[in-house]
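Colleague: Got a minute? I'd like to go through this one with you before I do anything else with it.

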Amino acid sequence: MRNLSRPFKKGAEFIAVALFIAMFGTFLLQIFARYVLNSPLGWTVEICIILYIWLVFWTSAFLLRERDHVSFNMLFLAVPARGRRFMAVLGLGCITAAFIAGFPVIVDYVMFMRIEKAPVTRITLDYVYAIFPVFIVALIIRSLISLWRLMRSKTSDREIAAIAGELIQPDPSTYDPVVAKEPKA
């Protein structure tokens, strides 16, 4: 499974880097135009904002792991392992159900935004926010995978540790030093 996800992750990283380079290049262009040429460009601010929106949702959807997100888990860590599993299944189940139920409305709203345009670039806002449904689909898929791992006794402990943000010790039989020093799932 890890071998199948490796090219996808590299592609997602490439897209994130391209978005960041484009955003940073646009930012530098704005600085150059404003302070060297003394002729500010209005469109650069909008492009930076649009690229930032895409960068945040793209990396959150495809590159950040569970332990990379900020979480408030004092109550989660205070209960025994069985309680953690129950809380994780309940929480993920509610989040997944809410996003599945809300997905059609989210898509409808993003499509509705085609009537609005950015003030300077005149880009329709459905293109600006088109990344949000992609983010929601990725979140649903990741939540379903996490729920599946929680339901399996073989992987539930590792999934609970990942949700809790605890450092997972590599299993010697599945450890691959090439993959960022992380154990295989």
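Modeller: Sure, here is a quick run through the fold, the confidence, the core and the cysteines.

Colleague: What kind of model is it, and what's the average pLDDT?

Modeller: It's a predicted model. The protein averages a pLDDT of 84, and 83% of the residues score at least 70.

Colleague: Where is confidence lowest, and where is it highest?

Modeller: Strand β1, residues 175-176, is at the bottom with a mean of 48, while helix α2, residues 43-62, is at the top with 94. Over residues 175-180 the pLDDT stays under 50, and the model has 10 contacts beyond four places in sequence for that stretch.

Colleague: OK, back up a bit. How many helices and strands are there, and in what order?

Modeller: Seven helices and two strands. From the N terminus you go α-α-α-α-α-α-α and then β-β.

Colleague: And what share of the contacts is long-range in sequence?

Modeller: If you take contacts between residues at least 6 apart in sequence, 66% join residues at least 24 apart.

Colleague: How much is buried, and how much surface is exposed?

Modeller: Buried residues are 30% of the 185 in the protein. About 12,400 Å² is exposed, with carbon and sulfur atoms supplying 71% of that.

Colleague: Which residues touch the most other members in the largest nonpolar core?

Modeller: That core has 14 residues, and Leu19, Met23, Leu55, Trp58 and Val128 touch the most other members. Helices α1 (2-36), α2 and α5 (125-128) each supply at least two of the core residues. The largest share, six residues, comes from α2.

Colleague: What does valine 128 touch?

Modeller: Leaving out residues up to four places away in sequence, Val128 touches Ile50, Ile53, Trp54 and Ile123.

Colleague: Switching to α6: how far does it reach, and which of its residues are buried?

Modeller: Helix α6 covers residues 131-151, so 21 residues, and reaches 30 Å from first C-alpha to last, close to the 30 Å expected at 1.5 Å a residue. Its buried residues include Phe135, Ile136, Ile140, Ser143, Leu147 and Leu150.

Colleague: Why might positions like that recur along a helix?

Modeller: An α-helix has 3.6 residues a turn, so residues three or four places apart point the same way.

Colleague: Last thing, cysteines. How many disulfides does the structure hold?

Modeller: Zero.

Colleague: Is cysteine 48 buried or exposed, and why?

Modeller: Cysteine 48 counts as buried because its relative accessibility is 16%, and the cut-off for buried is under 20%. Cysteine 94 is partly exposed, with a relative accessible area of 47%.

Notes: Residues are numbered from 1 along each chain as its sequence is written. This is a predicted model: local features need pLDDT of at least 70, side-chain atom pairs count only at pLDDT 80 or more; totals for chains, interfaces and linings use all residues. Side-chain values use heavy atoms; hydrogens and water are left out. Helices (H or I, at least four residues) and strands (E, at least two) are DSSP runs, numbered from the N terminus. Buried means under 20% relative accessible area, exposed over 50%, partly exposed in between (1.4 Å probe, protein chains only). Contact means heavy atoms within 4.5 Å. Accessible areas come from the Shrake-Rupley method with a 1.4 Å probe; for residues, only the protein chains shown count as cover. pLDDT is the predictor's confidence in each residue, from 0 to 100. A disulfide is a pair of cysteine sulfur atoms within 2.5 Å. A nonpolar core is a set of buried Ala, Val, Leu, Ile, Met, Phe, Trp, Tyr and Cys residues joined through side-chain atoms within 4.5 Å.
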